[in-house]
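Colleague: I'm new to this one. Could you walk me through it, chain by chain and contact by contact?

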Amino acid sequence: MKKMSDVTLTIDGKQIKVPSGTTVMQAAEKAGLSIPALCYDPELSIAGSCRMCVVEIDGMNNLPTSCSTVATEGMVVQTKSKPVIEARKMVLELYLADHPLDCMTCQKNGNCLLQKYAYEYQVKDTPFKENKHRYPIEDNNPFIVRDMDKCINCGKCIRVCDEVQGRNVLQYAYRGYDTKVTTAMDVPLIESECVFCGSCVAVCPTGALLEKKMIGKGQSWEVEKVKTTCPFCGVGCNFDLNVRDGKVIGVTSNPESEVNGRHLCVKGRFGTDYIHHPERITTPLIKKEGVFVEASWDEALDLVSKKFLAMKKEYGNESIGALSSARCTNEENYVMQKFVRAVIGNNNIDHCART
Amino acid sequence: MRSLKLLRNDLKEKYHSISKPRITIGMGTCGIAAGADKVKDALYHAVAEKGLDVDIEVTSCIGMCYKEVNVEVALPDYPPVVYGDITPARVTRMLEEHVVGNTPVLEWAEFQLENGKHTPYQDISSMESSDYYFHQTREVTSRCGRISPENIEEYLITDGYEGLEKVLMTQPQKVIDDIKASGLRGRGGGGFPTGLKWQFAHDAEGDKKYIVCNADEGDPGAFMDRSILEGDPHAVLEGMMIAGYAIGADEGYIYVRAEYPLAIKRLKRAIKQAKEYGLLGDHILESSFSFDIHIKVGAGAFVCGEETALLNSIEGKRGMPRLRPPFPAVKGLWGKPTNNNNVETYANVALIFRKGTEWYASIGTENSKGTKVFSLTGKIAKTGLAEVPMGTTLRQIIYDIGGGIQENKRFKAVQIGGPSGGCLPEDKLDIPVDYDSLIKVGAMMGSGGLVVMDEATCMVDVARYFLTFSQAESCGKCTPCREGTTRMLEILNRITSGEGEMEDIERLERLARVMKTTSLCGLGQTAPNPVLSTLRYFKDEYIAHIKDKRCPSGVCNHLLTYSIDAEKCIGCTACAKACPVNAITGTVKKTHEINPEICITCGACMEACHFDAVIRV
Amino acid sequence: MTNRNSNHLDIKFKKMMEDYKEHKGSLIPALQTTQEVYGYLPKEAMEYISQVLEIPFSEVFGVATFYAQFRLQPRGKHVIKVCSGTACHVRGGPHILKEVEKQLHIKSGETTNDNKFSIEPVACLGACGLAPVMMIDEETFGRLTKERVHQILDSIE
Ligand SMILES: Cc1cc2nc3c(=O)[nH]c(=O)nc-3n(C[C@H](O)[C@H](O)[C@H](O)COP(=O)(O)O)c2cc1C
Ligand code: SF4
Ligand code: SF4
Ligand code: SF4
Ligand code: FES
């Protein structure tokens, strides 16, 4: 490999040294300046299409995009000059011209990048008030709601589905003003090859892709995020439980998660409704005269140990075996095998994930 | 290396003296559209009927579109005569008088092709001194309409592939240096120095390199590239091979738009013939240089003329432009260093190596060398192709060559550079046409389409027309262009339908500024030019639409009112019958009246009236 | 999911598509050939191309909807394109289009009931010297008037 050298550039008057190959956006971040970005995502390839991140660079025509421009020695960059601000405001006005502007009831309220930048640049209104797209909301699957009226065509969902999930379910279709992210043949996700991993939901900067179950359950500032490990399989993905008033309303992935980053499967991301399900069993049940009756833990454990002892006595140690589950933690599995070996007294212990 | 010299001499013997009469029909797309096929049928028919022994050949468009169908008649030992406006009905007289009687039909004859060997006819001007060609310098188009584009031998006898022969005996770097010295700049629109571009591709590291020829010619109003491809396809192949040799490429692609089926057919045939002659394929002319050329047919997207969108399209993707850098010279087709030039640029390359760098550099202006081919369209008297040295003024092109405005109306503006270009008014007609002068006045060379507009053209409507085009052709990748063209068009639609407000002008200007600086590719960056240039030179027309709710040129439907001149109306009821919404009242022999409340300003009454009694203001 | 929906695509077509595997960047030519064969791009054919060329179906659809040439619906035997280029616009192109629409009782983008004609939108046809111009299939007709449109449409089988 070629040896990486450093380059020094000036951003908004500040000199900063970065390794060669660094983009202007990354360099600015290093200098403590943040540049707005809608289509850029550090984990995905660079699209350079939203044009929010434009800056002025001495000697360059027009306003180059900082997400895609590589810093060079002696480069002089302005991130807040008049033309830059004018351009960003205009880009926002153009986005707002084709947006429903129903932020008050939007699930993404407080968490939406478009809203954030409109606030930052104080774009209150758009001068373009004629036509807007009106697409039907797609709501016919249990997990994801797609509202293409809120889509800003950043293409992150397309790239994550291709580059991370490897499913290639989504792609741009049509052209120009009618460009739209669609599945093959523009059918709903449920009729496509989608596996509902929800990665696209995780990267979407606006309310175009939402976790269906969370809609109406709480606004971003009302929700507490509790980091936890997914209970479904042995991979051990981490994510944030979204908790409001002591109740889990859903899951969002967390880029900081060591094992999985923002990546989750359909079960981990969307399979939390059992937690507060009315049919969920919350106490032990003992069958008395043919019907299950609620019991206390003491009562239940006493009954189980009594029966184990009786079985051991009548049929011998080898008559009992145990199967453990991948959904249990390591600690629980450890305890289980200890129980079988030390208490029951045999090696009849197995695990669902072994086969 | 094998030399073509002997072959060329043999061929010259064969072709230069004809032993029987030869009739050649101009069968470019335009000729065919004007009925060249029917003329050809009529000719075959008449020749058979009269039992004449003549050869009937086909050539391409010579550039006089306003005189299609063009037919050339040549008798042994006499200079060929080119006729214009030939119809099937005129064929017999032409045959009888010229072919049989050796007396050319003077009233249809446009010019004769003097060659110094034969005594010219009296009373027919030579091509060089004819009205249309006197002010032209035909170099790049010299073979168009003169040779059969479907026969490589005719290319060879007109010194075709001589440039390639010379180049193959030269070092690649020297070839690039020569192109630099010639001063050639790209004819695809931007005017980028060709030599420099080749140098980048030459210097880029890569185990494989490509040559691409941009034949997507999508500018409405432009057909120079089509004429070259149809008329002289080998010149383009030769230029590509020279470029390939210079940068170290062994494969080339021509990206042609699907709307040019004849060009595609002729290119395919040219490639096949070049292979048969050992001029394409492995070890060209027994040298160590090998080169192959493929044709890719476009699928209908203007943006694919943008070179990175074009590369994506060749690769089979959506034709959306790529971010630059990296430039195609470094990372182009399938990630390999690629050189892309326009059709006319490659045709110039072949010319430069045939006739010499110094000769070439002596034509044109300081910074724009050589000639440029323009297509003259719109309200110009003589529509067609015109090739002139760079630096010729617009006035010379429009008036001296194009014959001024049709029906002697007044000139209003000329649109140059297609949807990326601008509209220039009368007082800019004396600027020399070169890359830099045009940019200065807010237009650009573009590919060379000139659309002339007369006093009856509304400039706001023209801007709206171009925006409609750009809006429909935006690829949709980046926000300023995808959304901006749409909003700009909405504003223009509003203004032309009388619903504009003065703030709209400021909105247009602000939008234009951001689109220019912030769009990803040339389409979005230049889409505002027609708006900006009309705002710059014809702002009063915008204001008339907005403030007075009036279209000064009488074009914008919604702003027109129709009424009937009581003096002229004889009460024939024709207008009332024609009106689709029954807005006209009146009985036979009584003056008719139009109810403005009902009238939808369609103009049907005006067309129907034989007495010029309908007034439009 | 091999050839799930490709049962009623004929063998010859499949063979043609398989030949495209040999060449790089074949998606667009494959779609062009498909359209030549079927007159439009049937879903099954696109799905088949996606499998054979190993290109995601979503991308095949994305490409098919990007280019103006491709149609996802069948169209008439003859395709009429009235030029909407600058020159034709200033010389009355819109009236010619209206006349064609009036005669065939359809709008641009539609197909007549008997499947004989479709009108398709088109940008400049590049024969501006002869404006106004229209193209029917591969043939170009120039210097049009309403009367000529009549004659031409009547003369087509
Ligand atoms: C929207 C757009 C359309 C273009 N269309 C064409 C075209 O039809 N033909 C062409 O040669 N160049 C076209 N260009 C310019 C090409 O991108 C490129 O600059 C050119 O082919 C380079 O060739 P040259 O250096 O020989 O001029 C277009 C550019 C843009 C932005
Ligand atoms: S849920 Fe997963 S598989 Fe489905 S579209 Fe989104 S990223 Fe692709
Ligand atoms: S759905 Fe979301 S992620 Fe996908 S393009 Fe639209 S805004 Fe971007
Ligand atoms: S400027 Fe227009 S055509 Fe070019 S990339 Fe942006 S959207 Fe596409
Ligand atoms: S973040 Fe750079 S263009 Fe979108």
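**Domains first**

Modeller: Taken over C-alpha atoms, the centres of domain 2 of chain B and domain 5 of chain B are separated by 58 Å. The domain bounds come from an automatic or database domain assignment.

Colleague: OK, and what am I looking at, and how are things numbered?

Modeller: This is a predicted model, where local features need pLDDT of at least 70 and side-chain atom pairs count only at pLDDT 80 or more, while totals for chains, interfaces and linings use all residues. Residues are numbered from 1 along each chain as its sequence is written, chains are lettered from A and ligands numbered from 1 in the order in which they are written, and side-chain values use heavy atoms, with hydrogens and water left out.

Colleague: Back to chain B, then. Which domains is chain B divided into?

Modeller: The assignment gives chain B domain 1 (5-112), domain 2 (153-360), domain 3 (371-454), domain 4 (459-547) and domain 5 (561-616).

Colleague: And what does the domain assignment of chain A give?

Modeller: For chain A we get domain 1 (6-80), domain 2 (108-222) and domain 3 (316-355). The C-alpha centres of domain 2 and domain 3 of chain A are 46 Å apart.

Colleague: How many helices and strands are there in chain C?

Modeller: Chain C has seven helices and four strands, counted as DSSP runs numbered from the N terminus (H or I of at least four residues for helices, E of at least two for strands). Along the sequence the pattern is α-α-α-α-β-α-α-β-β-β-α. Chain C is split into domain 1 (4-66) and domain 2 (78-156), with C-alpha centres 30 Å apart. Its C-alpha atoms fill a box of roughly 55 × 30 × 20 Å along the principal axes.

Colleague: Now the interfaces. How many residues does the contact take from chain C and from chain B?

Modeller: Chain C puts in 36 residues and chain B puts in 48 residues, with contact meaning heavy atoms within 4.5 Å. The area buried between chain C and chain B is about 3,200 Å², and carbon and sulfur atoms give 57% of it. Buried area here is the accessible area (1.4 Å probe) that two parts lose on being put together, summed over both.

Colleague: Why quote an area at all?

Modeller: Because the size of an interface is often given as the accessible area lost when the parts come together.

Colleague: Fair enough. Which residues form the salt bridge between chain C and chain B?

Modeller: Glu607(B) pairs with Lys146(C), and the closest N and O atoms are 3.4 Å apart. The count between these two chains is one salt bridge, meaning a side-chain nitrogen of Lys or Arg within 4 Å of a carboxyl oxygen of Asp or Glu. There are also 14 residue pairs in polar contact across the interface of chain C and chain B (both at pLDDT 80 or more). A polar contact is a pair of N or O atoms within 3.5 Å; within protein, one must be able to donate a hydrogen and the other to accept it, and residues adjacent in sequence count only if both atoms are side-chain atoms.

Colleague: Which elements give two or more residues to that side of chain C?

Modeller: On the side of chain C that touches chain B, they are α2 (27-38), α4 (57-66), α5 (86-90) and β4 (139-141) of chain C. α4(C) gives the most there, with five residues.

Colleague: What about chain C against chain A?

Modeller: That contact takes 15 residues from chain C and 14 residues from chain A, and buries about 1,100 Å², with 67% from carbon and sulfur atoms. Ser58(C), Phe61(C) and Phe66(C) lose the most area to chain A in chain C, together 48% of what that side buries. The rule finds zero salt bridges across this interface.

Colleague: Switching to ligands. Which residues around ligand 1 are the closest?

Modeller: Of the 18 residues surrounding ligand 1, the closest are Gly188(B), Lys197(B), Asn341(B), Asn342(B) and Thr345(B); a residue counts if one of its heavy atoms lies within 4 Å. A side-chain N or O atom of Asn341(B) is 2.9 Å from an oxygen atom of ligand 1.

Colleague: And ligand 4?

Modeller: 13 residues surround ligand 4, the closest being Cys475(B), Cys478(B), Cys481(B), Cys521(B) and Gly524(B).
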